[in-house]
Amino acid sequence: MFILFTCSFFVQAQDVLNNLEKEYINTSNKITEQLNIAPKYATVLYFNGFKSKSYQILETSIYSATKQTDGKYATILYAVLAMNYRLDNKEAESSKNLNLSRIYSLKTTSNEAKGYYQYANGWILTRNNKIADAVASYLKAIKYYENSTTTSTLYARFANTVKELSAIYSNLNEYQLEEKYSKQFLLLASKQNDPNLIFDAYMRMGYMYEQKYFESPTNIYFRNKAESYYLLAITTFNKNKIAMLNKSNLSYAAINLANLYIGFDKDKAIHYAELANSVSLENGDAIHIASSFGILAELAIQDKNYDLAKSYFLKASMEIGKSSVKDNNIELSILESLSDISVEQGNYKEALTYYKSYVDKYKSVYDQEKLDITKRLESQFDKERQEQKYIKLQLETDKKAQEIKLINILRAQREQVYNNLKLVEENQRERLKFSELNSEKKEQQLRLAKLETEQKNNDIINYKKLLAYKEKINRYYIFSIIIFFVLIILLLYAYKQRVNSMKQRDKLHVLELEKERQNSKISTLTALLEGQEQERGRLARDLHDGLGGLLSGTKLQLSYLDTDQSENLKQGIIKSINQIDGAVEELRRVAHNLMPDLLTKYGLQVAIEEFASRMSNSALDIHTEFINYSNSISEDKQLLIYRIIQELVNNAIKHANASEIIIQISEEENTLNITIEDDGKGFDRNRLDVRKTAGFHNIESRVQFLKGTINIISELNIGTSIELQIPNY
């Protein structure tokens, strides 16, 4: 049995690489813009075989980034360099650069840069099989991204983080967490509007449902979901061929689809296997070529066409031999399958030949593994021996340090004795100086007595002058106090006048604000009344065109009944009853649109879920998600919110030609968050003012009436996302 291994190799289109190079060169005079482009440019160079140039770009950019006051760009560039070194199995260099990224992450205020360091740390820990630590680091990265301001790169980096978490939980068979992060990956990829990320997200979702299907082969829902997401991935690739960085992605998706179809639709399996084969032959991807041949061989074996299967396996073996990435498991699987086919054909000699090749290959792989283990043990022994030498040198160094310390102590003692002798000599000199100072002191005391007498005479004269000066100053003080009191009285009067003026101004301002609020309320109520009038008009049209037409037809039918013809009379009455049933059903539909029973009985959540289910069909899939919703808002608000969602979904169906719509309602403290997303054709906000349309004007008026806010994000051929925030109090 042939075992299929599929993987995706990053092959950058030359024109995309050239555009990045031009963009990098053109921003040479704008250092921050160039530093923003450098990580992506270096990564593309690395995965296209230009590793030396990639490292050169990173080193040059890091030199410029470390001169910036903020450590944002240095954090990101060091993280990219660390991941590249890890891919090259240079773990020491990788660890060193990751530590530098951590140091600069402490010097930046950018939460996005801090999150990117945590992502790189988790990425390296994952490849070092430290899964628990990696998950903790990824969760820290998510917290930083959630608290970061939106940039052109935020959603892409956020998406790559949750993608890694989804893959980890997939390997751990934690399907609930895998599904959570896979869906979040798809949501972030859509916000980033990057076809490469969107393709990866669809493939991630398809693989998740494929796993569930293989665990429960009777559950057709999982199989259909896996198929739909794989087909969406192929559609995304075909719509964005120029922008796709990985040209092998088309064959990758086709191989997965062919594998899915093998069990239940052989024609589609052959179609996508041949598609993968032709695309991979064009791109020169040896692994994908071998995989597609392997699937075709499996299908040929199902048809018992062993010669064709054998030719496919031989072609796969030739492609594996051409690949620079050797996978011994694939080669062993091919040899084993060839041996099994020869047995089925009764060609036991050929089967024995293939089996011997299988055994020889297995032995060589096994012997090489033993040799690698021996080398690792020898390397470990050499490492321990070097550590013993280091410990011995450390002991000798400590011994010499003790000897040097003892010598320094003896030298310090000798210096102390010498200093004591110097202090004795200085003490004697000080005594001599002290006796000289005593004689000088007595002379100074005599001169001081004379000076004191002169000072007393001068003090008497100065005291008389001071008295005269104080009398003059007192007169000035009295005059100044009188002027001060007059000024205070004038200032108090002016202040009182100003206060009265400000009170009058405040009253006028309050009146103007009240006038504006009244005008706003009138405008909002007018818009609501217009919406109600439109609703009444629509109700009248429904009653006239639908119910009225049915009742008129019933009346006409009854008027033509002939009482003399009993058979025709019975058929006419049955037909009229059927028409009356149709009228009753039409009346129920109109009444349900006017006021859904589920909304009044069970609340907003049940009404929205019923509305989504009723509007969904084979061409349209409407999803609903309620997060922390407590159904605590009033019934009037629930009706308004139901009308808003109903109008937005109808707009998406009518104008956007959407195939998938997501309605998400989450409750946070005193705020209700509502998001309606579709994958329709979208529109250009610069060319279309949605606020001038009647339908949207009614929606906006209802949102204003609820004191909420609305935000619209739309991209052509991608879809539209409308976010509402409504206070819940």
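Reader: Let's start small. In which helix does Asn84 lie?

Author: Asn84 lies in helix H4. Keep in mind as we go that this is a predicted model.

Reader: Okay, and how do I read its surroundings: is Asn84 buried or exposed?

Author: The general idea is to look at relative accessibility, where under 20% means buried. Asn84 has 3% relative accessibility, so it counts as buried. Leaving aside residues up to four places away in sequence, Asn84 touches Tyr46, Ser54, Tyr55 and Leu58.

Reader: And what about Ala92, buried or exposed?

Author: Here the cut-off on the other side matters: over 50% means exposed. Ala92 reaches 59% relative accessibility, so it counts as exposed. You'll find Ala92 in helix H5, which covers residues 91-105. Ala92 and Ala82 are 10 residues apart along the chain, and their C-alpha atoms are separated by 9.5 Å.

Reader: Let me zoom out for a second. How many helices and strands are there in the chain?

Author: The chain has 22 helices and five strands. Of its 729 residues, 36% count as buried. Take the contacts between residues at least 6 apart in sequence: 63% of them join residues at least 24 apart.

Reader: Back to H4, then. How do I read the way H3 and H4 cross?

Author: You compare the directions of the two helix axes, and an angle over 145 degrees counts as roughly antiparallel. The axes of H3 (residues 51-65) and H4 (residues 72-87) cross at roughly 155° and come within 9 Å. H3 and H4 are therefore roughly antiparallel to each other. Their crossing is left-handed.

Reader: Which residues of H3 and H4 meet?

Author: On the H3 side, they are Ser54, Tyr55, Leu58, Glu59, Ser61, Ile62 and Ala65. Their counterparts in H4 are Tyr73, Ala74, Leu77, Tyr78, Val80, Leu81, Asn84 and Tyr85. Sorted by class, this contact of H3 with H4 has 11 nonpolar, three polar and one charged residues. Notice our buried friend Asn84 on the H4 side of the contact.

Reader: Let me try another pair. At what angle do H11 and H12 pack?

Author: H11 (residues 220-239) and H12 (residues 249-261) pack at about 160°, and their axes are 10 Å apart. So these two helices are also roughly antiparallel to each other, and the crossing of H11 and H12 is left-handed. Among the residues making the contact are Tyr230, Leu231 and Phe237 of H11, together with Leu250, Leu257 and Tyr261 of H12. The class tally for H11 with H12 is 11 nonpolar, three polar and two charged residues.

Reader: At what angle do H10 and H12 cross?

Author: The general idea this time is the other end of the scale: angles under 35 degrees count as roughly parallel. The axes of H10 (residues 195-215) and H12 cross at roughly 15° and come within 12 Å. That makes H10 roughly parallel to H12. H10 passes H12 in a left-handed crossing. From H10, the contact uses Phe199, Met203, Glu210 and Tyr213, while H12 brings Asn249, Tyr252, Ala253, Asn256, Asn259 and Leu260. By class, the residues in the contact of H10 with H12 divide into six nonpolar, three polar and one charged.

Reader: Now the strands. In what order do the five strands of the sheet come?

Author: First the principle: strands of a sheet pair through backbone hydrogen bonds, either parallel or antiparallel. Here the five strands form an open sheet in the order E1-E2-E3-E5-E4, and the pairing is mixed. E1 (621-627) and E4 (709-715) stand at the edges with a single partner strand each, so one side of each has no neighbour in the sheet. On average, neighbouring strands of this sheet are turned by 10° against each other, direction ignored.

Reader: Which strands run parallel?

Author: E1 and E2 (residues 660-668) run parallel, joined by seven bridges. One example to find: Asp621 has Glu660 in E2 as its bridge partner. For the antiparallel sense, look at E3 (residues 671-678) and E5, which pair over eight bridges, with Glu723 in E5 as the bridge partner of Thr675. E4 and E5 also pair in the antiparallel sense, over seven bridges, and Thr709 stands opposite Gln725 in E5.

Reader: What is there to see in the hairpin of E4 and E5?

Author: That hairpin has three residues between the strands, and Asn717 takes a positive phi near 65°.

Reader: Last one: why is E5 largely enclosed by the rest of the structure?

Author: Count the buried residues along the strand. In E5 (residues 719-727), seven of the nine residues are buried, so the strand is largely enclosed by the rest of the structure.

Notes. Residues numbered from 1 in each chain as written. Predicted model: local features only at pLDDT ≥ 70, side-chain atom pairs only at ≥ 80, totals over all residues. Heavy atoms only, no water. Pairing = 2+ DSSP bridges. Helix = DSSP H or I, 4+ residues; strand = E, 2+ residues; numbered from the N terminus. Axes fitted to C-alpha atoms, helices over the stretch in contact; angles between N-to-C directions. Parallel < 35°, antiparallel > 145°, perpendicular 65-115°, else oblique. Left-handed = near helix turned anticlockwise from the far one by under 90°. Contact = heavy atoms within 4.5 Å. Nonpolar A, V, L, I, M, F, W, Y, C, P; charged D, E, K, R; others polar. Buried < 20%, exposed > 50% of the residue type's maximum accessible area, 1.4 Å probe, protein only.
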